[in-house]
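Biologist: Got a minute to walk me through this model? I'd like to go from the overall fold down to a few residues.

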Amino acid sequence: MVTLSRTDVEHVAHLARLGLADEELSRLEGELNHILDQYAVLSSVPTDHIAPTAQTIELENILREDVVRPSLPSEAVLGNAAETEGDFIVVPAILSGD
Amino acid sequence: MTSDVTRLPAHEMAARLRAGDLSSRELAVAHLDLAERQDRGLNAWLTIDRERALAEADAADVRLAARRTMEDELPALLGVPVALKDLVSVKGGQCTAGSHILEGYRAPYDAYITERLRDAGAVILGKTNMDEFAMGSSTEHSAFGPTANPWDLERVPGGSSGGSAAVVAAFHAPLAIGTDTGGSIRQPAALTGIVGLKPTYGRVSRYGIVAFASSLDQIGPFARNVRDAAALLHAIAGRDERDSTSSPVPVPDVLLHLPDDDDAANGLRGKRLGLPREYFVAGMEPGVEARIREAVTALEGAGAIVEDVSLPHTEYGLATYYIVAPAEASANLARYDGIRFGPRRGAGQDVLADYLATRGAGFGPEVKRRIMLGTYALSAGYYDAFYLKAQKVRTLIKADFDALWAQGFDALVAPTSPTVAFRLGARLADPVSMYLSDACTLPVNMAGLPGISIPAGLSEGLPVGLQLIGAPWSEAGLFGLARGYEAITADADWRTLEPADLPALDVPSTPTPADRLAPHAAVAR
């Protein structure tokens, strides 16, 4: 069906925000291609006129009144963050310095 | 052993509590003592919270004492111990999902089902081991070491809810909660010789549960008998506005009143059951097939009508599942970035570098594989070929089942797992061989249906699970059929057996499951 090259594996890892060691990338290249081989069976199924299924129950448009309700206290929300300052979570700089 | 309260069914525990013959504290202590003494060899618990459990037990005893003399109907599980898979939020407690990336995280709120169990007066003993983020079929992918199978400590208990299955099989708890995305309740139930149900998609709110694949995940019960599993489902099922996928379909109270043996056996008469030929797959062990065929014969003997049927798209289930589930997982697991919760790695200078470091160090190999697969299947240029294609084939898989319900079948009968419990390490080297463990269970998730695994005897000394699959919202019917099978096999020799390796767990120097896996893991990883 499709073959993933080492460059493809590195690209996907970057998209997925996974920092992987060289040996992990090498192992994944083999494993992912082996798994992708199993997907090939699907290309033999005619699906041109079949609608996709994203969920299996008939529920739709679940609505509720837009009312103010208590939320978790900020201490509870902030309590798990690696670094906080006041009521804020400290994050690394997102924009470069210049 | 008759005086050992840990051996009682949950409904008898509840009855003794009401009668005042037993206190919830005594019951909790008996289970906690056993769990603490035996978990070295099992590694089924990630945390046992004795202090919290005893406080809950004392509160249950107060409720029991206050209301025992009154007419009020007490909740079915009042004072009964339960174990939770470690992806269910309990306010203030750990919730690792079997991953290093959630180490140190404390849940700021209770899951919906935790609230329900509290209201029902159940006593939460602790949290159980699992494959990381519920990705796996053996519990060997836990970041905190594998769990052993009480029937043979050299073997896996199945997964991903292997810890929950093992604690129930080993009498550390009469009841446990698991989740099932492709078989993660039914397959470990089968491999440890207990009952496990995956409810209809939408039956139980997932609020406060760590998400894996949101169009497939469901929460369900483990127990050692059908009645107890039904009572636990009754305690947790129902509409919750905080999970928009939870359904308003009523939860029938018959779940609390399943029939006695004679009525249950009579209930099988005239029931129309389908035997899907595609579920007798290549690679199925002869001993497993033999037990399933015997179960079919027994059901027919009790008056059920069993017909061969076909689910023609079954062969595409595995590939379809291993596109849809990883794709949804890659999106769900994007939130683990070390910013709002979980350990953060990196120098704190560059947000992208910190993400890569945090996620690279925090996730284990199977989770990385699935994130990679899912990200690839959703990426530009491949979406149509993989994800959209899989969603279309999913329609066909679901239509196979719908056609049988339209013909009036009450349920389908199938094996739960093509094999009995496999050896620790046996499938770690080849992810595809591990994925095949779920070939008979994952189509049920794809179609959103309820499925139950019940014990159906042993093959080579290890449990075999019989799977019953029903139409949407037919849990009560499935439990009725399962009760019927339980009743007609009540006198079978294998029903009296306890897991063979329980005595080995009492040896203080017994090897841990990690010790047992180590010689194989060196080859596998």
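Biologist: In chain B, what share of the contacts with a separation of 6 or more comes from residues 24 or more positions apart?
Modeller: That share is 76%. Keep in mind that this is a predicted model.

Biologist: OK, and how many helices and strands are there in chain B?
Modeller: Chain B has 18 helices and 11 strands. Its C-alpha trace spans about 65 × 55 × 45 Å along the principal axes, and 62% of its 525 residues count as buried.

Biologist: What radius of gyration does chain B have, against a compact globule?
Modeller: Chain B comes out at 22 Å, and a compact globule with 525 residues would be near 24 Å, so the two agree.

Biologist: And what about chain A, how does its radius of gyration look next to the globule value?
Modeller: That one doesn't fit: a compact globule of 98 residues would be near 13 Å, but chain A has 23 Å. Of the 98 residues in chain A, 14% count as buried. Its C-alpha atoms fill a box of roughly 55 × 45 × 30 Å along the principal axes.

Biologist: What order do the elements of chain A come in?
Modeller: From the N terminus it goes α-α-α-β-β, which is three helices and two strands.

Biologist: How many residues does each chain put into the contact between them?
Modeller: Chain B puts in 58 residues and chain A puts in 42. On the chain B side, the elements giving two or more residues are H10, H11 (351-362), H12 (365-378), H13 (384-406) and H14 (431-435). H13(B) gives the most, with 11 residues.

Biologist: What's the chemistry of that chain B side, by class?
Modeller: There are 28 nonpolar, 16 polar and 14 charged residues on the side of chain B that touches chain A.

Biologist: Switching to the interior: which residues have the most contacts inside the largest nonpolar core?
Modeller: Val82(B), Leu125(B) and Phe222(B), in a core of 184 residues. Helix H10 (residues 317-332) of chain B gives the most to this core, with nine residues. Domain 1 (8-315 + 394-524) and domain 2 (316-393) of chain B both give residues to this core, so it lies between them.

Biologist: What does Val82(B) touch, leaving aside neighbours within four places in sequence?
Modeller: Its contacts include Leu117(B), Ala122(B), Leu125(B), Ala173(B), Leu175(B) and Ile177(B).

Biologist: Let's look at strand S6 of chain B. How many of its residues are buried?
Modeller: Six of six, over residues 218-223. S6(B) runs antiparallel to strand S4 (residues 175-180) of chain B, with six bridges joining them, and Asp180(B) stands opposite Gln218(B). Strand S5 (residues 195-198) of chain B is also antiparallel to S6(B), through two bridges. There, Val195(B) has Ala223(B) as its bridge partner.

Biologist: Last one: is Asp240(B) buried or exposed?
Modeller: Buried, because Asp240(B) has 21 C-beta neighbours inside 10 Å and the cut-off for buried is 20 or more. Asp240(B) lies in the loop between helix H7 (226-236) and helix H8 (261-266) of chain B.

Biologist: Which residues is Asp240(B) in contact with, again skipping those within four places in sequence?
Modeller: Tyr112(B), Ser205(B), Tyr207(B) and Ser246(B). As for Ala447(B), 207 residues away along the chain, its C-alpha is separated from that of Asp240(B) by 22 Å.

Definitions and conventions:
Residues are numbered from 1 along each chain as its sequence is written. Chains are lettered from A and ligands numbered from 1 in the order in which they are written. This is a predicted model: local features need pLDDT of at least 70, side-chain atom pairs count only at pLDDT 80 or more; totals for chains, interfaces and linings use all residues. A nonpolar core is a set of buried Ala, Val, Leu, Ile, Met, Phe, Trp, Tyr and Cys residues joined through C-beta atoms within 7 Å. A residue is buried if 20 or more other C-beta atoms lie within 10 Å of its own, exposed if 12 or fewer, and partly exposed in between; C-beta atoms are placed from the backbone. Helices (H or I, at least four residues) and strands (E, at least two) are DSSP runs, numbered from the N terminus. Domain bounds come from an automatic or database domain assignment. Two residues are in contact if their C-beta atoms, placed from the backbone, lie within 7 Å. Ala, Val, Leu, Ile, Met, Phe, Trp, Tyr, Cys and Pro count as nonpolar, Asp, Glu, Lys and Arg as charged, and the others, Gly among them, as polar. The radius of gyration is taken over C-alpha atoms; the globule rule is 2.2 Å times the number of residues to the power 0.38. Two strands pair if DSSP finds at least two bridges between them.
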